[in-house]
Each structure stands twice: as structure tokens, then as C-alpha cells.
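I opened this one to see how the chains sit against each other and what lies inside. My notes follow in the order I looked things up.

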Amino acid sequence: MELDDFKKGRQPDTPSGGTSGPGGNSEAGGIIESFRSHENKQRRKVLYIVTALIALGIIYTPIFVRQNDIMSIGYGLIIAGFLLGAVYLYLAYKPLPGSIYSLPMADFLNKAENKLKFMKFTDWLIVIPLLLVLGTGGGIVFIVRLSRYTANFSLLLVIWVIFFVLLVIFALHVSRKDWQKEHGELLREIHRVKRSIKN
Amino acid sequence: MKRDELFREALEENQKMIFRVCCRFFGPGENAKDAYQDILLKIWMNIEGFRGECQLKTWIYRISVNVCITFRSKNKRKSSLFVPFSEPAYRVPDEEKLLEDEENKLLFFRKFMDELSGADKALVSLYLEDLDTREMSRITGLSESNVRVRIHRIKSEIKKQWEVEYGTR
């Protein structure tokens, strides 16, 4: 018994065994239709995200406009942080782009592995300044609002920093879990295939 | 040329090959059908970006292999070990024996494939499509010598395993 015994002819070569024949007009037409509806759904998803971004901007802009100097800086930073963060999330959390599937397998595995890693070095380079912008903006608003009740600036600052740091840690933990759930198995499989290539 | 036309053309020439590759990866069950759909979707979404840097067939093989490697891990369903046969009402004894042998071979092949790594599965699929070493190297990104060594190793292994299980028949 040889591997060559399993060459063409021993495997079914049509998914349905239908009579229209492979690539027949009716079959191809049906496939194209279903893909078109899939593409429309994907487009709608992008639209939802863009709409959410615009809504965020609209909600915060009137508040930002009404504020005095220091508060307007705070709100301005919050708006900038939200919008840039949402754009970053949208770009970073997109699934594997279709174009990388046409690369040779070894290159595909490298690219896919790189895309699927949670928080790469470049991500930290973007996320840290973003968090600083959000943290500063939120901190300004928090401290100015609560300074009506206490003159202890340091106390307010410490409360804000502790709250914000805990919030960031929680958000990172949840995102990591979510990432693991969505991409963990795929990433492990890619590692396995890459290891087997090296052997 | 419009996307639909390009896609139809690609499908017409390669549909059977794509499904055969899926069946070799997953066995002829639901997984193979799902992976096949996924491959067609990727082809449809990217066909306009195909610039002819390689042959269309090579480009489609790459997509097929890459989708099959990553698809398996997304869906944990076990591949089907059983190949559907069209059963006649009765068979003469010789014919029965032949079909039994055939069935054993296919079951053995599926079991063997299930144990291979994704990369080796891809190589077997391409080898069984009668592709030469250079073409397999272009599709997988492995060097030609690496492809040769791996195919040789797989051939020896399948022979060895068969002999352990069924003797030298």
C-alpha cells in the first residue's frame, strides 16, 4: 500500500454531488448571492462602529463647548481619547485580512501569528499614550468637579489614580480573556503547525 | 473583468480540486463542506486583488491550504472517518472482498491523515493532486528539499503503519 494509491479518484470532488456540475451557472450564482449578503452584513458591522464613534463625539461635544478653560481641556482629552481608542480597537481587533490567505503557507503562518498575538509591542506604544490622554482628561474632570466638596487636591488625585489604574487592569484582564476565547485555540494551532515545519 | 466573472472562471476550473483538498483534510463530512465554503468566500473576496504574481491555480491552492489549516482549529468537530459508499442490493463475494479492502484503505488513510500535522496534511493533499515539488514549495513556502524530505518521510510512514496494521497486502 502506497501513498500514491490515494491520488485523484478516491475522494468525492463535489460538495453536493449535484447534477448542475461544478461551477455550473446556477450553482455559482447561488454562491455569489450568499457571499454578497455576507459582505453586506460585514459592511453593516463597520457602519455600526462608525455610527457609535460619531454618536460619542456628538454626546460629548456640547458638554465640551460649554466648559471653562480647564474643564474644556479635560473634556477635549476625553473625547480625543474615546475616538482614537475606538478607531484603534476597530483596526486592531479586525479578523485576519483575507489577502494574507493567498500567501505561501509559511508566510501566512507568520503573519497570522503576528496578527493574533494579544497586545504586541506596537499595541503598547499606542495604548499607553491613549490611556494617558484618557486618564488625564478624566482626572481633570473628576478633580475639578469634586474640588467643590474638598480642598484636598492630593486626596482627589490619589483616588482618581487608584480608580483609573484598577479600571485599566480590569479592562486588560477582560480583553485578554475575551481574546483567548476568540483566538487562543487558533494561535495554539498555528504554533503547532509552525513547530512541525521546523522539525 | 468583473469580480463575478473572475470568480466564476476560478470556480469552474478549480472547484473539484478545492473540494478534494478539503476532503483530504477533514474527511468527506460537514467540516469539509464548511471549509470549502470558507475557501470560496476568501477567493471571492480577494479575486480582484489577484495580480498574477503566480498562477491562479497556485493562488487558489494557497488559500485552500491556509484556510484548511486554520479552519480545523476553529471547529472542533471530529472529521468523519466514514466515506459514503453507494451500496448495491447484493454483491458477489469477490466484489465484497474488494470493497472491504477499499473501505479499509480509506478508513486507514483518514486515520493516518488525522494524525499528521497541519503542514504535512497540506503536503499530502498537494502531493495527491499530482503537483511537483517546485509547485508544492511555491504554495507552502517550504524549500524544495524540505518538501522532498517530508513527502519521503510521509510515504515511508504510511507504508510502515499499513504493514503494521494489515501486513503486506
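These entries go from chain A to the contact between the chains, then to the cores and a few single residues.

**Entry 1: ground rules**

I am working from a predicted model, so I keep in mind that local features are given only at pLDDT of at least 70.

**Entry 2: chain A overall**

I started with the secondary structure of chain A and found 5 helices and 0 strands. Read along the sequence, the pattern is α-α-α-α-α. Then I asked how much of chain A is buried. The figure is 13% of its 199 residues. I also looked at contacts in chain A between residues at least 6 apart in sequence, and 62% of them join residues at least 24 apart.

**Entry 3: H2 and H4 of chain A**

Next I picked a helix pair inside chain A. Helix H2(A) covers residues 69-92, and its axis comes within 8 Å of that of H4(A), crossing at roughly 150°. Since that angle is over 145 degrees, I put H2(A) and H4(A) down as roughly antiparallel. The crossing is left-handed. By class, this contact has 17 nonpolar, 6 polar and 1 charged residues.

While in H4(A), which spans residues 121-146, I clicked on A:Thr136. Is A:Thr136 buried or partly exposed? I count 16 other C-beta atoms within 10 Å, and buried would take 20 or more, so A:Thr136 goes down as partly exposed. Its C-alpha is 9.6 Å from that of A:Val161, a residue 25 places away along the chain.

**Entry 4: where the chains meet**

Now the contact between the chains. How many residues does each chain put in? Chain B gives 53 and chain A gives 38. On the chain B side, the elements with two or more residues are H1 (3-26), H2 (30-46), H3 (56-74), H4 (93-115), H5, H6 (133-140) and H7 (144-166). Sorted by class, the side of chain B that touches chain A has 26 nonpolar, 10 polar and 17 charged residues.

I zoomed in on one helix pair across the chains. H5(A) runs over residues 153-198 and H5(B) over residues 118-128; their axes are 7 Å apart, at an angle of about 70°. That falls in the 65 to 115 degree range, so I noted H5(A) and H5(B) as roughly perpendicular. From H5(A) the contact uses A:Glu189, A:Val193, A:Ser196 and A:Ile197, and from H5(B) it uses B:Gly118, B:Ala119 and B:Asp120. The classes here are 3 nonpolar, 2 polar and 2 charged.

**Entry 5: H5 of chain B**

I stayed on H5(B) to check its burial. The helix is mostly covered, with 11 of its 11 residues buried. Among them are B:Lys121, B:Leu123, B:Ser125 and B:Tyr127. Just after H5(B), I noticed that B:Asp130 takes a positive phi of about 70°.

**Entry 6: the cores**

Which residues touch the most other members of the largest nonpolar core? They are B:Cys22, B:Ala35, B:Ile43 and B:Cys68, in a core of 48 residues. Both chains feed this core: H3 (105-116) and H5 of chain A give two or more residues, as do H1, H2, H3, H4, H5 and H6 of chain B. H1(B) gives the most, with 10 residues.

I followed B:Cys22 outward. Skipping neighbours within four places in sequence, B:Cys22 is in contact with B:Ala32, B:Ala35, B:Tyr36 and B:Cys68. Apart from the largest core there is another one, of 6 residues, including A:Tyr75, A:Leu77, A:Ile140 and A:Val141.

**Entry 7: H1 and H2 of chain B**

The axes of H1(B) and H2(B) come within 9 Å and cross at roughly 145°, and the crossing is right-handed. H1(B) contributes residues including B:Phe7, B:Ile18, B:Phe19 and B:Cys22, while those from H2(B) include B:Ala35, B:Ile39 and B:Trp44. By class, I have 14 nonpolar, 1 polar and no charged residues in this contact.

**Entry 8: B:Phe71**

Last stop was B:Phe71, in helix H3 of chain B. It counts as buried because it has 21 C-beta neighbours inside 10 Å. Beyond its neighbours within four places in sequence, B:Phe71 is in contact with B:Ala35 and B:Asp38. B:Asp38 is 33 residues away in sequence, yet 8.5 Å away in space, C-alpha to C-alpha.

Methods:
Residues are numbered from 1 along each chain as its sequence is written. Chains are lettered from A and ligands numbered from 1 in the order in which they are written. This is a predicted model: local features need pLDDT of at least 70, side-chain atom pairs count only at pLDDT 80 or more; totals for chains, interfaces and linings use all residues. Axes are lines fitted to C-alpha atoms, for helices over the stretch in contact, and angles run from 0 to 180 degrees between N-to-C directions. Helices (H or I, at least four residues) and strands (E, at least two) are DSSP runs, numbered from the N terminus. Angles under 35 degrees count as roughly parallel, over 145 as roughly antiparallel, 65 to 115 as roughly perpendicular and the rest as oblique. Two residues are in contact if their C-beta atoms, placed from the backbone, lie within 7 Å. Ala, Val, Leu, Ile, Met, Phe, Trp, Tyr, Cys and Pro count as nonpolar, Asp, Glu, Lys and Arg as charged, and the others, Gly among them, as polar. A residue is buried if 20 or more other C-beta atoms lie within 10 Å of its own, exposed if 12 or fewer, and partly exposed in between; C-beta atoms are placed from the backbone. A nonpolar core is a set of buried Ala, Val, Leu, Ile, Met, Phe, Trp, Tyr and Cys residues joined through C-beta atoms within 7 Å. A crossing is left-handed if the near helix is turned anticlockwise from the far one by less than a right angle, and right-handed if clockwise.
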